[in-house]
Structure formats: C-alpha cells, structure tokens
Amino acid sequence: MCIAAFIWQAHPLYPLFLLQNRDEFHNRPTEPVAWWDGCDVLGGRDAVAGGTWLGCSRSGRVAFLTNVLELHALPEARSRGELPVLFLESPKSPKEFAEMLVKEAHQYNGFNLILADISSKSMVYISNRPKGEPVVVQEVSPGIHVLSNAKLDSPWPKVQRLKLNFKEQLDTYGGEDEIPVEGMLEKLMRDTVRAEKSGLPGICSLDWEHNLSSIFVEVHTPLGCYGTRSTTALTVRANGEVSFYETYLEDNIWKEKTVNYRILKAEAY
C-alpha cells in the first residue's frame, strides 16, 4: 500500500510537486534512493523483486505506483514494481506506453500507475482494476490529485484528508514562494489519524482497513511490523531542476538522503 499527493502543471514554480509514502513490511530488503547501475533510473529499489514504487530519469520522465486493495492476489503474477522501470527506460510517450501496457495488464495484480514526461507536459494514469472491466487509461488534468489504493482521486477518507491538507499547505505558501519540502512532508505525510470505521470501503476486514486508514501507517502483525517505511518528496522546478528527497527506515532508524540533478535539454516548461 502507498499514498501519493501531487500538484501537476498548476503551480508557477513547480510543474510537478509530489509527496509519497511507501507502505511495506519493515523487514523487506530495500535499497534507498540512488542512480541505478547501467540505466537512467533514479529511485529506491525493492531488493526482493528488483523494481521500484517511484522513479525518475535525467530526460524528465517520472513514474510512480500503488497497489490496489483487494482480497485475493495471484502468486504467479509479474512484479508490479517493474512497471515504472519499464517506462523510464522506454522511448515511448506516457500515452503510448500506457496503450501498449493494456495488452499485458492482466499479468499483474491490481495496480495504479502514473506516467509523466515533464518536457511534453504529458501525464497519464493507468489501472487494471476493477477485474473484468476494461483497463483504464486517462490523461491526468492539471491540478491537485491524490492516489491511494483505489482509482485516482477516489473519495476514501485518507485521500480526502490528504487532498484537503495539501491544498491548505499550498495556499499557505502562496504561488510565488518556495515550498519548504521537509516541513511540508512532516506536516502532511506523518499524519497518523485513522478514519471512522463507517467511512471505510469494506473490501477487506474492518480491522485491517482501519489500520491502513491513516496517511502514515504502522501496524504490528504476526509477520512483523507493516507500514510506512519511506517518504519521498520529488520536486521538479520550471527551470528543469529536480530534487529527490527521501526519508527511510534502515535498521529501525530513520535516515534521509537527497539527490539533485537537472533535466537534460530542459529549456522551458
């Protein structure tokens, strides 16, 4: 499970400003943000399946992923974490890649995938759920959006809460001011308030959904602690400067790392 809030092509300083929490078992081997060997991919890495939940490239491509909350998963399915990597390494536009993926989407468990190309101002959302329905491919409109474990901007309590708080924070700093990334991340993505049980979607057990209903998740299970184990702020400025700031758990200690770079051939956005 993960949750991401972002503003796309609707801020004078930032074509893209993205905050994302990654929820996973704390004992699952994971590598923090870095440039990957042999390819133009910047992101964290799942050391088990080899993919990522959020990545970007020097050419101005961005991809991020969440799982869909559902009861049954296919053990033989392909790893969803490979999808952002395949896009980042592809020459296809977001829409072209999404349309190609439609043919193979059934090979994965439920996913929500956002693909963006900063240079062409193109962003596409694709999901292979609900089961039995056509794969969703849609252009993402300029503005504020939240992606959790249902469709983009689904009215789940945690989605509505994060969207409202995100908008309030953006309004506080104003359109012409720099946004203090670390402060924004702390105020929005460390929120442990859980939803009222009456407002939950009713897909899994009520107790499990309630445990997952906060923006920042921490649940103790028989398999170990599950919850938010990294938080990322990805900012892309109008001049092509990119900052990937990540706080992450390593050996039960919160650490942080920032990688900055400039998009190649970034003349104007």
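**Exercise 1. Get to know Pro-32.** Work out how open Pro-32 is and what surrounds it.

*Solution.* Start with accessibility: Pro-32 has 24% relative accessibility, so it counts as partly exposed. The scale behind that word calls a residue buried under 20% relative accessible area, exposed over 50%, and partly exposed in between (1.4 Å probe, protein chains only).

Before going on, a word on what you're looking at: this is a predicted model, where local features need pLDDT of at least 70, side-chain atom pairs count only at pLDDT 80 or more, and totals for chains, interfaces and linings use all residues. Residues are numbered from 1 along each chain as its sequence is written, and side-chain values use heavy atoms, with hydrogens and water left out.

Next, place the residue: Pro-32 sits in strand β3. Strands (E, at least two residues) and helices (H or I, at least four) are DSSP runs, numbered from the N terminus.

Then look around it. Setting aside neighbours within four places in sequence, Pro-32 touches Gly-43, Gly-44, Glu-246 and Tyr-248; contact here means heavy atoms within 4.5 Å. Finally, check along the chain: Ser-230 is 198 residues away from Pro-32, yet their C-alpha atoms are separated by 8.7 Å.

**Exercise 2. Lay out the sheet.** Find the strand order, the edges and the twist of the sheet that holds β3.

*Solution.* First, the order: 7 strands make an open sheet, running β3-β4-β5-β6-β7-β8-β9, with antiparallel pairing. Two strands pair if DSSP finds at least two bridges between them. Second, the edges are β3 (30-35) and β9, since each pairs on one side only. Third, the twist from one strand to the next averages 15°.

Now zoom in on the β3 edge. β3 and β4 (residues 42-46) are antiparallel partners over 4 bridges. Across that pairing, Glu-31 stands opposite Arg-45, and Trp-35 has Leu-42 as its bridge partner. The two strands form a hairpin with 6 residues between them, and Gly-38 in the turn has a positive phi of about 80°.

**Exercise 3. Explain why β7 is enclosed.** Use burial, side-chain direction and the neighbouring strands.

*Solution.* Step one is to count: 7 of the 7 residues of β7 (residues 111-117) are buried, so the strand is largely enclosed by the rest of the structure.

Step two is direction. In a regular strand the side chains alternate between the two faces of the sheet. In β7, Phe-111, Leu-113, Leu-115 and Asp-117 point one way, while Asn-112, Ile-114 and Ala-116 point the other way, and all are buried.

Step three is the neighbours. On one hand, β6 (residues 61-67) pairs with β7 in the antiparallel sense over 7 bridges, with Val-62 partnered by Ala-116. On the other, 6 bridges join β7 to β8 (residues 122-127), again antiparallel, and Asp-117 has Ser-122 as its bridge partner.

Step four adds a helix: α2 (residues 94-101) lies across β7, β8 and β9, running at about 150° to β7. Angles run from 0 to 180 degrees between N-to-C directions, and axes are lines fitted to C-alpha atoms, for helices over the stretch in contact.

**Exercise 4. Hunt for backbone oddities.** Track down positive phi values outside glycine, plus a cis peptide bond.

*Solution.* Begin in the loop between β7 and β8, where Lys-121 lies. Its phi is near 55°, a positive value in a residue other than glycine. With 47% relative accessibility, Lys-121 counts as partly exposed.

Move on to Asn-252, in the loop between β13 (241-250) and β14 (253-262). Phi of Asn-252 is near 65°, also positive in a non-glycine residue. At 71% relative accessibility, Asn-252 counts as exposed.

Last, the bond from Arg-129 to Pro-130 is cis, with omega near 5°. Pro-130 is in the loop between β8 and β9 (136-139).

**Exercise 5. Describe how α3 meets α4.** Give the angle, the handedness and the contact residues.

*Solution.* Angle: the axes of α3 (residues 157-173) and α4 (residues 181-189) come within 10 Å and cross at roughly 150°. That makes α3 roughly antiparallel to α4. By the cut-offs, angles under 35 degrees count as roughly parallel, over 145 as roughly antiparallel, 65 to 115 as roughly perpendicular and the rest as oblique.

Contacts: Leu-162, Asn-165, Phe-166, Gln-169, Leu-170 and Tyr-173 in α3 meet Met-184, Lys-187, Leu-188 and Met-189 in α4. These contact residues divide into 7 nonpolar, 2 polar and 1 charged. Here Ala, Val, Leu, Ile, Met, Phe, Trp, Tyr, Cys and Pro count as nonpolar, Asp, Glu, Lys and Arg as charged, and the others, Gly among them, as polar.

Handedness: the crossing of α3 and α4 is right-handed, a term for the near helix being turned clockwise from the far one by less than a right angle, with anticlockwise being left-handed.
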